[in-house]
Amino acid sequence: MRGERKRDLLRLTDLTADELLGLLPRAAELKAARQRGQPVRTLAGRTLGMVFEKASTRTRVSFEIGMVELGGYAVYLTSQGTQIGRGEPIEDTARVLGRYCHGIVIRTFAQSRCDELARWSPVPVINGLTDLLHPCQVVADLFTVYELRDGDVAGARYAWIGDGNNMANSWIHAAGMLGLELRLACPEGFDPDPEVLADARARLADLGRGRIDIVREPAAAAAGADVLSTDVWASMGQEEEAERRRRAFRGFCIDEALLARAAPDALVLHCLPAHRGEEITHGVIEGPQSAVWRQAENRLHVQKAILELFLSAPPAG
């Protein structure tokens with residue numbers, strides 16, 4: 001049976017800690033090769049199906065360009081442009097695409113839809129974003145820290161300011177896997193997923209290092225932090241809640257005063273798109289401590305490292 005040995009990246013914890021850390025130097029190698037103009041064709045002849053049920057700029061472009069630069073080919077598919085939009089079951093799509101492609105990226109709403117696609121796909125499935133998790137983005141965030149702190153990812157203190165959303169959940173996974181110190185400031189009622197949190201804390205207990213705290217005051221999370229990160233207050237699919245969320249998240253903005261509470265050389269991350277004046281000020285995102293544009297660029301190099309890891313092996317069977 002095809003696919004018996006295939007692996008999926010549905011959540012960050014599908015990687016081992018060594019694999020996660022190993023993606024960072026590989027992304028650096030791929031970035032350096034691109035800057036030298038040196039071709040890397042490790043996925044020559046490979047194809048990637050990209051099922052996007054949510055809008056995207058960085059995820060789509062980085063996966064598509066990344067696949068092309070590695071010598072492969074990517075096919076971009078939307079719900080409305082395929083039979084998915086006419087109600088074709090996701091398992092049927094998975095089985096068909098798996099006979100054409102060497103891997104599938106899906107960007108969708110429910111995590112269960114991503115999991116179901118992987119269940120039926122004979123080829124690796126990569127989570128390009130769900131409402132619950134955003135693993136590839138957090139690998140790019142970690143790579144940005146790796147670059148700007150001379151490889152010292154584990155020694156940094158991390159603060160998340162804002163919604164306990166898919167980004168926060170994947171940061172919690174990373175903290176649990178790597179033994180990071182992570183403080184999240186979330187308004188009451190907007191906490192991260194409790195199962196993700198429990199899993200990560202159990203991992204920390206096994207590791208014997210790191211901690212994850214939920215606090216209500218952004219200043220408490222930012223105090224002494226080496227990395228501050230945030231996201232929009234209303235994510236895709238939450239547009240009708242936007243006004244309610246603006247009220248709930250008032251005060252959860254990374255502004256100059258909050259940044260001043262962090263370490264003097266603290267980095268600021270934002271996965272974009274950004275709403276200046278809400279979760280982050282214009283002065284901070286455009287300021288000297290912002291690593292946001294490098295972070296966005298690094299999506300490309302990290303996606304290539306991920307694609308190599310999951311698509312390089314010959315198809316099983």
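## Ile 106 and its partners in S3

In strand S4, Ile 106 has Asn 127 as its bridge partner. Before going further: this is a predicted model, where local features need pLDDT of at least 70, side-chain atom pairs count only at pLDDT 80 or more, and totals for chains, interfaces and linings use all residues. Residues are numbered from 1 along each chain as its sequence is written, and side-chain values use heavy atoms, with hydrogens and water left out.

Ile 106 also has a neighbour in strand S1, where Val 51 stands opposite it. Strands and helices here are DSSP runs numbered from the N terminus, at least two residues (E) for a strand and at least four (H or I) for a helix. Strand S3 covers residues 103-107, and 4 bridges tie it to S4, with the two running parallel. Two strands count as paired if DSSP finds at least two bridges between them. Going along S3, Ile 104 sits opposite Val 125 of S4, and Val 105 sits opposite Ile 126 of S4. With strand S1 (residues 47-52), S3 pairs over 5 bridges, again in the parallel sense.

## Which way the S3 side chains point

As a bit of background, side chains in a regular strand alternate between the two faces of the sheet. In S3, Gly 103, Val 105 and Arg 107 point one way, while Ile 104 and Ile 106 point the other way. Both groups are buried, a word used here for under 20% relative accessible area (over 50% is exposed, in between is partly exposed; 1.4 Å probe, protein chains only). So Arg 107 is on the buried list too, along with Gly 103 and the others, and S3 is largely enclosed by the rest of the structure because 5 of its 5 residues are buried.

S4 tells a matching story: 5 of its 5 residues are buried, so the rest of the structure largely encloses this strand.

## The two sheets

S3 and S4 belong to an open sheet of 4 strands, ordered S2-S1-S3-S4 and paired in parallel. Its edges are strand S2 (73-78) and strand S4 (125-129), each of which pairs on one side only.

There's also an open sheet of 5 strands, in the order S7-S6-S5-S8-S9, with parallel pairing. Here the edge strands are S7 (211-215) and S9 (267-270), and each pairs on one side only. Inside that sheet, strand S5 (residues 157-161) runs parallel to strand S6 (residues 181-185), and 5 bridges join them. One example is Ile 161, whose bridge partner in S6 is Ala 185.

## Helix H5

Helix H5 spans residues 135-148, and its length checks out: at 1.5 Å a residue, its 14 residues should cover 20 Å (1.5 Å times one less than the number of residues). Its end C-alpha atoms are 20 Å apart, which agrees. H5 is largely enclosed by the rest of the structure, because 11 of the 14 residues are buried. The buried ones run through Pro 135, Cys 136, Gln 137, Val 138, Val 139, Ala 140, Asp 141, Leu 142, Phe 143, Thr 144 and Val 145. Just past the helix, Asp 150 takes a positive phi of about 55 degrees.

## Two buried residues that touch H5

Leu 20 sits in helix H1 (residues 17-36) and, at 1% relative accessibility, counts as buried. Setting aside neighbours within four places in sequence, Leu 20 is in contact (heavy atoms within 4.5 Å) with Leu 12, Leu 15, Val 139, Leu 142, Met 177 and Leu 178. Val 139 and Leu 142 are among the buried residues of H5. Although Leu 20 and Gly 176 are 156 residues apart along the chain, their C-alpha atoms are separated by 12 Å.

Ser 170 is found in helix H6 (residues 166-178), and its 0% relative accessibility makes it buried as well. Again leaving out neighbours within four places in sequence, Ser 170 is in contact with Leu 12, Leu 133, His 134, Pro 135 and Val 138. Of these, Pro 135 and Val 138 are buried residues of H5. The side chain of Ser 170 also reaches the backbone nitrogen of His 134, at 2.9 Å. Leu 12 turns up in the contact list of Leu 20 and in that of Ser 170.

Key
A polar contact is a pair of N or O atoms within 3.5 Å; within protein, one must be able to donate a hydrogen and the other to accept it, and residues adjacent in sequence count only if both atoms are side-chain atoms.
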